[in-house]
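Thanks for making time for this today. I would like to walk you through a few helix contacts and a few individual residues, so please keep the sequence and the structure open as I talk.

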Amino acid sequence: MKTDAKQLEGLTEEQLAQELLEKYDAESNLRRLGGVMKWVVFGLLLAFSLFQVYTAIFGQLTAYLQRSIHLGFALTIIFLLFPPRKRKGSKTKIAFYDYILAIIAAICGIYWTLNYERLVTSLGTITQLDFIVGGIVILLVLEAARRTVGLPIVIIAILFLLYAIFGPYMPNFLAHRGQSLEQLVNLMYFSTDGILGTPISVSATYIFAFLLFGAFLVKTGVGEYFNDLAISVAGKLVGGPAKVAVFSSALQGTISGSSVANVVTSGVYTIPMMKRLGYKREFAGAVEAASSTGGQIMPPIMGAAAFLMVEFIGRGVTYWDIAKSAAIPAILYFTGIWIMTHFEAKKLGLRGLTDEELPDRKEVFKKLYLLTPLVLIIIIMMMGVPVIHSALYGILACIVVGFLNKEVKFGIKEIIDALADGARTALAVASATACAGIIVGVVVKTGLGLSLASGLVELAGGNILFTLFLVMIASLILGMGAPTTANYIITSTIAAPAIVTLLAPDVPLSAVPVVTLLSAHFFVFYFGIIADITPPVALAAFSATAISGGDPIKTGIHSAKLAIAAFIIPYMIIFSPQLLMIDVTFLEVIWVLITAVLGMIAIGAGVIGFWYRRIIWIERIILVVAGLLMVYPESLSDIIGLIIFGILFVIQYSTKNKGNNTKLDASIN
């Protein structure tokens, strides 16, 4: 990895970001086309976006048509834009077989449109031609997912297809009557339980709209402004560059739903700055990786899986409910990273940036109007405006802001480019949700979800903590090979029911409290995301090491340590869901927030080993325990934690000048 860093020296920030994206992010492994095909693909991307915008404004088509056309566009473009392998030679021209695959994908995409009346009135029976088309679609989806997302999810989907066919031969609780090939194809492409199921429905509506919004934000110059704003706010503080990384990555998460993309976008700037200041390579890379990964859990615009959560939970839950519930956990996550970078800087005696290294603050704050689209989206979602319309209003606001921002070139060309860029970022999500639909279809048809949930509970002996631990491990393992979206779809279908079963025993699903469902789904959602920074396969951390030149595994360990809040909070949510701000008063929310932030200060000091002075191991353990007690939202635990915290604070403050070689100031800047 250090060799990689040396090989990348001499590249511009933009070139470095592109190189790293292509290496670590399958979604960015695109062909660099020229000539006629460049414009053909561009035209298809533009048509894809215009179709989505049209249906968002004037109303969605029927489920089968909206989803099949969305899938057809995505598959066709994927085979033209994504090479089958990462070889350099395959990125400049399209192989003849990819032309064939693209044409077949386009035909399959409009098959539902051409045969709609017959298919919806056939009562589940399909012709031989339907069977052939459906079988081809399954193969195309698997290959598209392999190219855009990676092999692991494809292997998982194939195993589920085999399970559907060979069900009668499975052992005991996994056994089912099995599906014939015709039944399986019918389920996958001619029903709304498979490829054309809920996952791709969300991709074809909410997710696409917000990816398009993110593309417009980039064109208006907001992405660069995030870095300037972060430096102006946090650059001069102790250990400034690390805090800049935390702040800017939280903001960048509103544009990109990919941890790796977040890392390379802001990391090419923040990581070298942290190294120059004195942070070790591994720690600098870890700060960026942990912060960028948290972008997916940061409201108001979270990762794509949050939009899926709305549909999977149902029961009248809106996206705004999800975003609101994620607020305190996200604050705690980034507070934890901020505090630990602060204590690390204090321990090393690191300074902030000088005035000469900072941008002109007056000029930066004059451009706060660039944040108007984000503020507008929050306001209109709070007013109850549908999510997809909120995204459209946000796009309109971006266009207005783009024309007002004289520092970027923004006109009709940029609007057209944003439409194409938005469609391009949606390709991987479409293929991932289609592939995950195969898995969901098998789970629903065979009853595997209930079987595995029962088996999981039985394996854990009915113990809720052990069950949660097993679900956590499963989510982390899946997250090593599957994107967050697919990971959430799989674990919410298979593992979340086990949590719900234990939290609400003998209660029908329709009667399970919404807060219980939210708790279970947030649990798998969080662990699916932090798999990106959990060794041994931690793609966000590994991409950061290509910039920092540090050791990948050490960087991954530091990342997981900095993101410790993400390992704690899901458990807290399960046992005390007040953190989700459901059925609580304003004063209760304030109390929960204050005690939880103090808890993160205690945990951060304990993990880093520094507060007002260096901390001995027994103090570190006591601080972590006190922090956990305060994070847990329950009155008695809060009081005990606060008492311990207060005692240690007095001890630390009164002995702050003992055993230190540097002048240390303990204010949390």
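What follows is a tour of three helix pairs and some residues of interest, and please bear in mind that this is a predicted model.

Let me begin with helix H11, residues 222-234, and helix H12, residues 240-252, whose axes come within 8 Å and cross at roughly 140 degrees. That angle falls between 115 and 145 degrees, outside the perpendicular and antiparallel ranges, and therefore H11 counts as oblique to H12. As for handedness, H11 passes H12 in a right-handed crossing. On the H11 side the contact is made by Gly223, Phe226, Asn227, Leu229, Ala230, Ile231, Val233 and Ala234, while H12 contributes Gly240, Lys243, Val244, Phe247, Ser248, Leu251 and Gln252. Sorted by class, the residues in this contact of H11 with H12 are nine nonpolar, five polar and one charged.

Lys243, which you just heard in that list for H12, deserves a closer look. Is Lys243 buried or exposed? Its relative accessibility is 0%, and because buried means under 20%, Lys243 counts as buried. What, then, do the polar atoms of its side chain meet? One polar atom of the Lys243 side chain lies 3.0 Å from the backbone oxygen of Val238, and a polar contact of 2.9 Å joins the side chains of Lys243 and His342.

From there we can step to Thr341, which sits in helix H17, residues 327-348. Thr341 is likewise buried, with a relative accessible area of 0%. If we set aside neighbours within four places in sequence, Thr341 is in contact with Ala242, Lys243, Tyr279, Phe283 and Val287, so that list brings us back to Lys243.

Phe283 and Val287 are also among the residues of helix H14 that meet helix H28, and that is the second pair. The axes of H14, residues 281-294, and H28, residues 552-562, come within 8 Å and cross at roughly 50 degrees, which makes H14 oblique to H28. Here too the crossing is right-handed, with H14 passing H28. In H14 the residues involved are Glu282, Phe283, Gly285, Ala286, Val287, Ala289 and Ala290, and they meet Lys554, Thr555, His558, Ser559 and Leu562 in H28. This contact divides into six nonpolar, four polar and two charged residues.

The third pair is helix H31, residues 617-631, with helix H32, residues 635-654, where the axes come within 7 Å and cross at roughly 145 degrees. The crossing of H31 and H32 is left-handed. Glu619, Ile622, Leu623, Ala626, Leu629 and Met630 make the contact from H31, and from H32 the partners are Ser637, Asp638, Ile640, Gly641, Leu642, Ile644, Phe645, Leu648, Ile651 and Gln652. By class, the contact of H31 with H32 has 11 nonpolar, three polar and two charged residues.

I will finish with a residue in a loop. Where is Glu407 found? Glu407 lies in the loop between helix H20, 387-404, and helix H21, 412-446, and at 60% relative accessibility Glu407 counts as exposed. The side chain of Glu407 is joined to that of Lys367 by a polar contact of 2.9 Å. For a sense of distance across the chain, the C-alpha atoms of Glu407 and Leu50, which are 357 residues apart along the chain, are separated by 28 Å.

Notes
Residues numbered from 1 in each chain as written. Predicted model: local features only at pLDDT ≥ 70, side-chain atom pairs only at ≥ 80, totals over all residues. Heavy atoms only, no water. Axes fitted to C-alpha atoms, helices over the stretch in contact; angles between N-to-C directions. Helix = DSSP H or I, 4+ residues; strand = E, 2+ residues; numbered from the N terminus. Parallel < 35°, antiparallel > 145°, perpendicular 65-115°, else oblique. Left-handed = near helix turned anticlockwise from the far one by under 90°. Contact = heavy atoms within 4.5 Å. Nonpolar A, V, L, I, M, F, W, Y, C, P; charged D, E, K, R; others polar. Buried < 20%, exposed > 50% of the residue type's maximum accessible area, 1.4 Å probe, protein only. Polar contact = N/O pair within 3.5 Å; in protein donor to acceptor, adjacent residues only side chain to side chain.
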